[in-house]
Structure formats: C-alpha cells, structure tokens
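Student: I would like a close look at one part of this protein, please. Could you then place that part in its wider setting?

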Amino acid sequence: MTGVGAAQRPAVVARPEEPRRLALTRMRLAARLIRRGTMIMTVVMAGMALLVVSQYRQTFSGDTEIASLSILATNPAIRVLFGVPTALEIPGGFLVWRTGTFAAVAIACWAFLVATRITRGEEEAGRWSFLLSGPVRLPRVVADHLLVLLGAQLCVGVVLGSTLVVADTGAGGALVYAGALTLIGSFFAAVGVLAAQVFEQRRHAVALAAAVLGAALFLRMIGDASDGLSWVRWLTPIGLLAEAEPYGANRVVPLLVLAAATAATVIAAMLAAGWRDLGAGVIRTPGTRRRSRRLVRSLSRFVVRQTLPGFVAWGAGLVAYFLLIGLLAQSVSDFINSNPRFGDLAAQSGFEGLGTVQGYVGSVDSLLGIPLGLFCVSRLNACAVDEVAGRLSLVFSRPLRRWR
C-alpha cells in the first residue's frame, strides 16, 4: 500500500514562469548591490564633462589660445600622458584629449572592482549558496549578474552622451565618445567576471583585472609615443578610443572591434563558469601552503607586514607619476608663459607661479596629500574589513587595548 501510494502521489512540477521570475529576482538583487556606485559614477562622468566643456569655452576663446594649446599637445611627454590630440579647436575634441584617458581608466577600474565584488566576493562570503539552492546552474547566476553589470555601463554611457548633446558639443562626437566609454566599461566588467571564475579569491581576481588594465594603458602609451607605433593602439581598449577619434573622424570600426573583444570576453567568462564548481575556480590553489613567519612575532611587526605590499605599490605609482610630472614641467611652464590668461585662471584657482618650473612643481606637490590620504583610508578600511570578517578576534583576545 505504501508503494502504491507513493507511486500515485502527484509530482511537483515547476511552473514555466518560475525560472524567469527567479532570474528577475537575482538581477534585482545584483542591481541593488551596484545602484549606489552606478549613480555616483554617472554623476562624476557627466559632471566632469560639463565642467571641462565650460572651462574650455571660457579659456580658449581665441585662435592664439588654441594655437598655444596645440603646441603644448605636440610635446612627446604630453602625448604619452593624454594621447594624440584631435579637434582641439572645438570643446568636444578638447574634452576627449584632456579627460578621455582618465575617464576610460576610471570607468574600467569601477567596472572590474564592482564585477569581482558582486560575483566572487558574494560567492566567497557564502551568499551564493542560497542563490544556487534551487534548480539553477552556476553559469545562469553568473549570466544574470553580468547582464546587470552591462546594463549599468549602458546607463552611464546614455547619461554621458545625453549630457554632451545638451551641452551642444555635437551629436556625432558625443555618440562615439559615450559609446566608446560604455564599451570600455563593459569590456572590463567582463574581464572582472572572467577573473572571478579563474581564481578562488577575490583579491587574486582583482589583481588579474588590474594587470589587464595596466597592460592596456601601457600599450596605449606606447602607441601614442611615436607615429610609427600607432598600430599598437588597436591592441588595447583605451587605444581604440583614440582610434575612434570622437568629434573628429568619428570612426565606427574601432567601436566594432571593441564590441567584438567584449563579446569574446563575455563568452570566455560563461565558459569558465561552466568549468568550475561553487566556491572553486578554474585555477585551483593548494589547500595548504607553507607560510612565512617573518614579521609576525609582535603586533607592530604584523602591521608592518600587512602594510608593506600596499606601501610599495602606492609608492612606485607615485614615483612614476611625479617622474612624468617632472618631464612635463618645462613644457607646461612655456605654455603658461605664452598664454597669460590661462595662468590668471590658474592663479584664481589657487595655483600660482605656474610660469616657472619651480612654481609648477610646487603646485603639483601640494596635491601629494590626496594620494597619501587615500592610501591611509584604504589601510583603515582593510582593518575594518578584517575586524568584520573575524580575522582580528585572536588579536583582540590578547591583553591589548583597542586603540593600539
């Protein structure tokens, strides 16, 4: 009787709309995790574009100022830093030359950091176990999060492009520039998701994505350093932005190449997601390894050990940046001397004496406190994260006061 009753028991069949409803729920959860950062990035991108366009119209209103700017842009060090100038006689062209590389790097960093946080970070914290408790496979969850990430990049691009059109910079150039930045953000979001499938820990995934961005930026600098190496720009997403020439030639082919690279990275991320298990990565790290015991015999030494890698990395970055600033000092000083109006505006903003190398270096050195402060904030944040994760429980169990 028991066997017959069990055989006659009706099977529970999932309704066809349930998978779709669950997918929408997962996507809403992912969107909730990134909505604040998306709004901040959108405001920063649009606000920076409006500010630069407004400053250009106030500062470079005559042929003399534009000629001086063109001479400055021909300096090899300036080209390595900002790229090859295009259409400097219009606000949109100056915007792309002055902030294009910075905007591309900023949106790329934000894209892969967010991508690794809501994928590998959530999985590492154990919260993806609930998402995969039902009849759903890991690649589907990864695909839902990736769609949300790509949608966030599209939102930033649409708002940026609309802002530039409203600012009367030219619809064609605005479309190409916003489209290029959207594709760059989408590419690095896909890179972040792919890195999250490759490694088991988020910090390793972030390191891989950052290495890809560093290589892309380095290749762009090589391509801009000499006309004979301009073909190298086709090998890097940031270089493809320059090849598109927004507000100039407005080329579409570089955008198609960038879209193809993004699609290939998305496919690679989905394939990698199907090759691994929950909590694991395509590249498996050994469960145990021999740990170095250097600088762990006291709290002070342990703090030095934890801070030293970041200190070396930030220090190397600052040395490289200020070395480049030193190479630009003479060119910038000559530009200020040939364009007194720009020097007056800089003095009103608090940067006086830019007409001399010493004054220029002194003004730039006054900004050194910003990266140093960011480094301190990042270390304090790392300490707070360790405390929340429970990694400082053993430290607090010792006879030590919290302030120490």
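At what angle do the axes of helix H9 and helix H10 cross, and within what distance do they come?

Tutor: Happily! A word on the basis first: this is a predicted model, in which local features need pLDDT of at least 70 and side-chain atom pairs count only at pLDDT 80 or more, while totals for chains, interfaces and linings use all residues. Residues are numbered from 1 along each chain as its sequence is written, and side-chain values use heavy atoms, with hydrogens and water left out.

Now to your pair. The axes of H9 (residues 202-225) and H10 (residues 237-244) come within 7 Å and cross at roughly 40°. Here helices are DSSP runs of H or I with at least four residues, and strands are runs of E with at least two, numbered from the N terminus; axes are lines fitted to C-alpha atoms, for helices over the stretch in contact, and angles run from 0 to 180 degrees between N-to-C directions. That crossing makes H9 oblique to H10, since angles under 35 degrees count as roughly parallel, over 145 as roughly antiparallel, 65 to 115 as roughly perpendicular and the rest as oblique. On the H9 side, Leu 213, Ala 216, Leu 217 and Arg 220 meet Pro 237, Ile 238 and Gly 239 of H10, where contact means heavy atoms within 4.5 Å. By class, this contact has 5 nonpolar, 1 polar and 1 charged residues (Ala, Val, Leu, Ile, Met, Phe, Trp, Tyr, Cys and Pro count as nonpolar, Asp, Glu, Lys and Arg as charged, and the others, Gly among them, as polar).

Another pair is worth setting beside it. H5 (residues 91-124) and H7 (residues 138-166) pack at about 155°, with axes 10 Å apart, which means that H5 is roughly antiparallel to H7. Their contact includes Trp 110 and Val 114 of H5 and Leu 149 and Val 156 of H7. Its residues divide into 11 nonpolar, 3 polar and no charged.

Elsewhere, Leu 183 sits in helix H8 (residues 171-198). Leu 183 lies 75 residues from Leu 258 in sequence, yet their C-alpha atoms are 6.6 Å apart. Not counting residues up to four places away in sequence, Leu 183 touches Leu 255, Leu 258, Ala 259 and Thr 262.

As for the whole, the protein has 16 helices and 0 strands. Of its 404 residues, 40% are buried (under 20% relative accessible area, with exposed over 50% and partly exposed in between, for a 1.4 Å probe and protein chains only).
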